[in-house]
Amino acid sequence: MKALSKKRRHPLAAVALLLFGLLITGSLYTAAGSINEAKAATTTASAADIEEGQKLFVANCATCHGINAEGSPAGPSLIGVGAASVDFQVGTGRMPMQMQGPQAQLKPVQFDDEQISQLSAYVASLGAGPSIPDEEWLDTSKGDAAHGGTVFRVNCAMCHNAAASGGALTRGKFAPTLHGVSEKHIYEAMVTGPQNMPVFNDSNITPEEKRDVITFLKTIEANGTAGGASLGGLGPVAEGLFVWTAGLGIIIGFAVWLTSRPS
């Protein structure tokens with residue numbers, strides 16, 4: 001008993017206890033996240049929709065993503081990405097990709113709403129992932145634009161610009177403008193993290209806060225620019241370039257006029 005008592009007071013006992021606590025906490029957090037994802041993956045899609053979605057997938061997506069969506073050197077695995085990811089990528093025209101590049105480009109949508117729904121249902125059936133948001137979280141009449149602006153500036157403005165006009169990233173990539181994007185696609189982008197965008201799950205930004213962000217974006221989109229031409233909303237660089245170009249042109253014009261002599 002005396003020897004056992006000494007072992008209990010070993011200097012490393014506190015470290016071991018701390019590591020054990022962290023292990024338990026991490027395991028519980030992972031389990032909770034898995035449960036949330038499983039709930040998010042709940043779908044009302046019929047077997048017929050899933051079957052039709054699989055046919056569409058094999059015909060249009062399997063070349064890059066693999067016959068079973070397991071991924072390939074040309075495209076990532078889609079197992080576990082959820083219906084929201086497919087609805088966003090296909091519904092905005094980014095997929096199927098027009099050509100390989102740093103990131104998928106916007107283009108006209110290739111499928112109708114029913115086909116997009118079927119593709120989403122098929123991919124959702126492969127593994128748990130974010131589902132297409134309910135209308136409740138897209139209703140901007142229930143959102144708080146002021147709070148949404150705060151959340152946006154803290155989490156999104158560094159890439160998308162404070163005016164949501166987009167901005168350049170590294171290696172030929174960019175954050176697109178958020179003007180003209182539907183409420184559903186904004187929400188889906190937040191929960192799926194397309195391209196270089198991080199994933200904002202419900203633990204990072206709650207569904208209510210996501211709705212507030214959408215409300216803020218739609219508010220500034222509707223209000224326009226009270227101060228005049230926005231110059232793309234790109235900030236001081238664009239404004240400085242305009243002032244420099246216009247100002248220099250005016251100076252040159254005055255110099256030519258002052259030095260001109262009547263013939």
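I took buried to mean under 20% relative accessible area, exposed to mean over 50%, and partly exposed to mean anything in between. With that scale I began at aspartate 202, which counts as partly exposed because its relative accessibility is 43%. I note here that the model is predicted.

**Entry 1. The pair at aspartate 202**

I looked up the partner of aspartate 202 and found a salt bridge with lysine 210, with 3.2 Å between the closest N and O atoms. Lysine 210 is buried, at a relative accessible area of 0%. In general, side chains of opposite charge can pair when their charged atoms come close.

**Entry 2. The chain as a whole**

I then turned to the overall make-up. The protein chain has 11 helices and two strands. I read their order along the sequence as α-α-α-α-α-α-α-α-β-β-α-α-α. Of the 263 residues, 30% count as buried. I recorded an accessible surface of about 16,300 Å², with 62% of that area belonging to carbon and sulfur atoms. For contacts between residues at least 6 apart in sequence, I noted that 62% join residues at least 24 apart.

**Entry 3. Helix α5 and its cover**

I asked how many of the residues of helix α5 are buried. Helix α5 spans residues 82-91, and 10 of the 10 are buried, so the helix is largely enclosed by the rest of the structure. The buried residues include Val86, Asp87 and Phe88. What covers them includes α6 and α9, the latter at 183-192.

From the α6 side I picked serine 120, which is found in that helix (residues 113-124). Serine 120 counts as buried, at 2% relative accessibility. Setting aside neighbours within four places in sequence, I listed the contacts of serine 120 as Ala83, Val86, Asp87 and Ile132. Ala83, Val86 and Asp87 are among the buried residues of α5.

From the α9 side I picked lysine 184, which forms a salt bridge with aspartate 87, the closest N and O atoms being 3.2 Å apart. Lysine 184 lies in α9 and aspartate 87 in α5, so the pair ties together parts that are 97 residues apart in sequence. Lysine 184 is partly exposed, with a relative accessible area of 29%, whereas aspartate 87 is buried at 6%.

**Entry 4. A salt bridge inside one helix**

The structure holds four salt bridges. One of them joins the side chains of lysine 55 and glutamate 52, at 3.5 Å from N to O. Both residues lie in helix α3 (residues 47-60), three residues apart, about one turn of the helix. I found lysine 55 partly exposed at 47% relative accessibility, and glutamate 52 partly exposed at 34%.

**Entry 5. The crossing of α7 and α10**

I asked at what angle the axes of α7 and α10 cross. The axes of helix α7 (residues 145-155) and helix α10 (residues 207-223) come within 7 Å and cross at roughly 100°. Angles of 65 to 115 degrees count as roughly perpendicular, so I entered α7 as roughly perpendicular to α10. On the α7 side the contact includes His147, Val151 and Phe152, and on the α10 side Val213, Phe216 and Leu217.

**Entry 6. Backbone geometry**

Most residues other than glycine have a negative phi, and most peptide bonds are trans. I searched for departures from this. The peptide bond from methionine 95 to proline 96 is cis, with omega near -5°. Proline 96 is placed in the loop between α5 and α6. Just after α5, glycine 93 takes a positive phi of about 85°.

Asparagine 161 has a positive phi of about 80° although it is not a glycine. I located asparagine 161 in the loop between α8 (157-160) and β1 (167-168). Alanine 164 is placed in the loop between α8 and β1 as well, and its phi is near 60°, a positive value in a residue other than glycine. Asparagine 161 counts as buried at 16% relative accessibility, and alanine 164 is buried at 0%.

**Entry 7. A nonpolar patch**

Last, I looked at the surface. Trp244, Leu248, Ile252 and Val256 make a nonpolar surface patch of about 440 Å². Is valine 256 exposed or buried? Valine 256 is exposed, because its relative accessible area is 52%. I placed valine 256 in helix α11 (residues 236-259).

Terms used. Residues are numbered from 1 along each chain as its sequence is written. This is a predicted model: local features need pLDDT of at least 70, side-chain atom pairs count only at pLDDT 80 or more; totals for chains, interfaces and linings use all residues. Side-chain values use heavy atoms; hydrogens and water are left out. Patches are made of residues with over 30% relative accessible area and no salt bridge: like charges are joined within 9 Å, nonpolar side chains (Val, Leu, Ile, Met, Phe, Trp, Tyr) within 5 Å. Accessible areas come from the Shrake-Rupley method with a 1.4 Å probe; for residues, only the protein chains shown count as cover. Helices (H or I, at least four residues) and strands (E, at least two) are DSSP runs, numbered from the N terminus. Buried means under 20% relative accessible area, exposed over 50%, partly exposed in between (1.4 Å probe, protein chains only). Contact means heavy atoms within 4.5 Å. Axes are lines fitted to C-alpha atoms, for helices over the stretch in contact, and angles run from 0 to 180 degrees between N-to-C directions. Angles under 35 degrees count as roughly parallel, over 145 as roughly antiparallel, 65 to 115 as roughly perpendicular and the rest as oblique.
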